[in-house]
Each structure stands twice: as structure tokens, then as C-alpha cells.
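Got your viewer open? Load the model below and keep the selection tool handy.

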Amino acid sequence: AEKIASKHGVSRASLYKWKDELLGRKREPKMSEQFVIQSDDAEQSTENLRSEVARLEEKIAKLQQEAAKYEQEAFRARLQRDIYEKASELIKKEAAKYEQEAFRARLQRDIYEKASELIKKEAAKYEQEAFRARLQRDIYEKASELIKKEAAKYEQEAFRARLQRDIYEKASELIKKEAGIDLDKLTNKEKAILINALRGTYSLKKLLSEIKIAKSSYCYQTNDLCIQFD
């Protein structure tokens, strides 16, 4: 019994105590307490102890297996707990990260929408200014066209006025009439003389039209001085 107790790291008294608990009997008295085991019972008692020790060993093995199993389950439980805690921590970090990204996305969206709104307003403003500029350009071009036409008209009128002035002045100089000069009352010969006097300044076509004489009549009056139109 002492060897068995030493093998399992317990006292011999503990072995007897376990035996009594398992077999439902009282503990066998110790040798130190001066109880004597009868010789005829010694062999049987030893055999019983061996059986009991074997059974206890088997029970201890089972308990050890169960303890190992519980230890594994406890380890697994701690591992799962640590995994869940770490996962929860990571999820919180990821959630915070995604929240920041979502906030940034919303902020960018708001910025782009506001920028788009401002760009549209500026585009509308520039479109109005461009339309106004095109309108002003068209107005100026039309006005310039009208001014050019008016200028050409006034230029023609000024030219005719100078032509008429020069005709009357030259007629007064060449043709002496007390009653004054009336182009409609001049003879074809007088008209031809007047045209020849002004040929250096004005074209024959303009002079014939203004003095009102046909080219054939002019050529007839000037004989060999029949000049072609300019």
C-alpha cells in the first residue's frame, strides 16, 4: 500500500480513506494504532487493496482524462472568448473606419453637388453674358452695315453735290447768261462744251447723266472728239 501511495503521490492513510468511501466501510486501523491484522486475513486484505488500488487508478485515470477534457474545453472557451473579443475589437475599428469613409464620401458628395450648383450658376451667368455679347456684336455689325450704307449714300450725295456745284460754276464761267444758268435750257453744243471742260475731273458717264445729254448728241457736237465711257 505504501508503494502504491508513493506511486500516486498520496499518503497511505488517504488510500485507506478512499477505500472506505468507495466500499462503504470504515477505515482499517493503522499499525501505529496497535491494531493487529490477523495472518489469515492478511493475504485477502492485500488482494483487496490491490483491487481497490487498481480501481482507484482507473478512476484517477478517468478523472485525469476528464480533467484534461475540461481543460481543453476551458482552453477552447478562453480561445473562443479571446477570438470574439479580438473580432469585436477589429469590427469596431473597421466600423469606425467605414464610418469615417462614409462621412468623407458624404462630404465629397456635398462638395461636388455644391460645386456643380455653383458651376451651373456661373455657366448660366456666362451664357447670359455670351448671349449679350453676341447680341451686342450683331447689333454693332448691323449698325456698322447700316452706317456704311448711309455713308455710301451720303458719299454719293456729296459727290453729286460737288458735281452739280462744279457744273454750275463751270457753266457760269464758260456760258455768260444774264438770267442765270439753267441746265435744262442749255443747247447740246453748250452742254458739250461744258462736259469737255469738266472731263479732267469727272468721268464722261457721270457728266452725261447729270447734264442730261445723250452720248450720240455729245459726239455729234464734238465731231471727232467722240469719247467712250470710262
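Here is a short walk from the whole chain down to a few side chains.

**The whole chain.** Start with everything in cartoon view, and keep in mind that this model is predicted. Colour by secondary structure and you get 6 helices and 0 strands, so to speak an α-α-α-α-α-α pattern when read along the sequence. Now switch on the surface: about 18,500 Å² is exposed, and carbon and sulfur atoms supply 53% of that. Of the 230 residues, 15% are buried. If you like contact maps, look at contacts with a separation of 6 or more: 43% of them join residues 24 or more positions apart.

**The aromatic pair.** Next, select F159 and Y202 and show their side chains. The count of aromatic pairs in the model is 1, and F159 with Y202 is an edge-to-face pair, at 5.6 Å centre to centre with 70° between the planes. Where do F159 and Y202 sit? F159 is in helix 3 (residues 39–174), while Y202 is in the loop between helix 4 (188–198) and helix 5, so the pair ties together parts that are 43 residues apart in sequence. Check how covered each one is: Y202 is buried at 8% relative accessibility, whereas F159 is partly exposed at 27%.

**A loop residue with a positive phi.** Move along to K212, in the loop between helix 5 (204–211) and helix 6 (215–222). Its backbone deserves a click: K212 is not a glycine, yet its phi is positive, about 65°. Is K212 buried or exposed? With a relative accessible area of 57%, K212 is exposed.

Technical notes. Residues numbered from 1 in each chain as written. Predicted model: local features only at pLDDT ≥ 70, side-chain atom pairs only at ≥ 80, totals over all residues. Heavy atoms only, no water. Helix = DSSP H or I, 4+ residues; strand = E, 2+ residues; numbered from the N terminus. Buried < 20%, exposed > 50% of the residue type's maximum accessible area, 1.4 Å probe, protein only. Contact = heavy atoms within 4.5 Å. Areas by Shrake-Rupley, 256 points an atom, 1.4 Å probe, with all protein chains shown as cover. Phe/Tyr/Trp six-rings, centres within 6.5 Å; stacked < 30°, edge-to-face > 60°.
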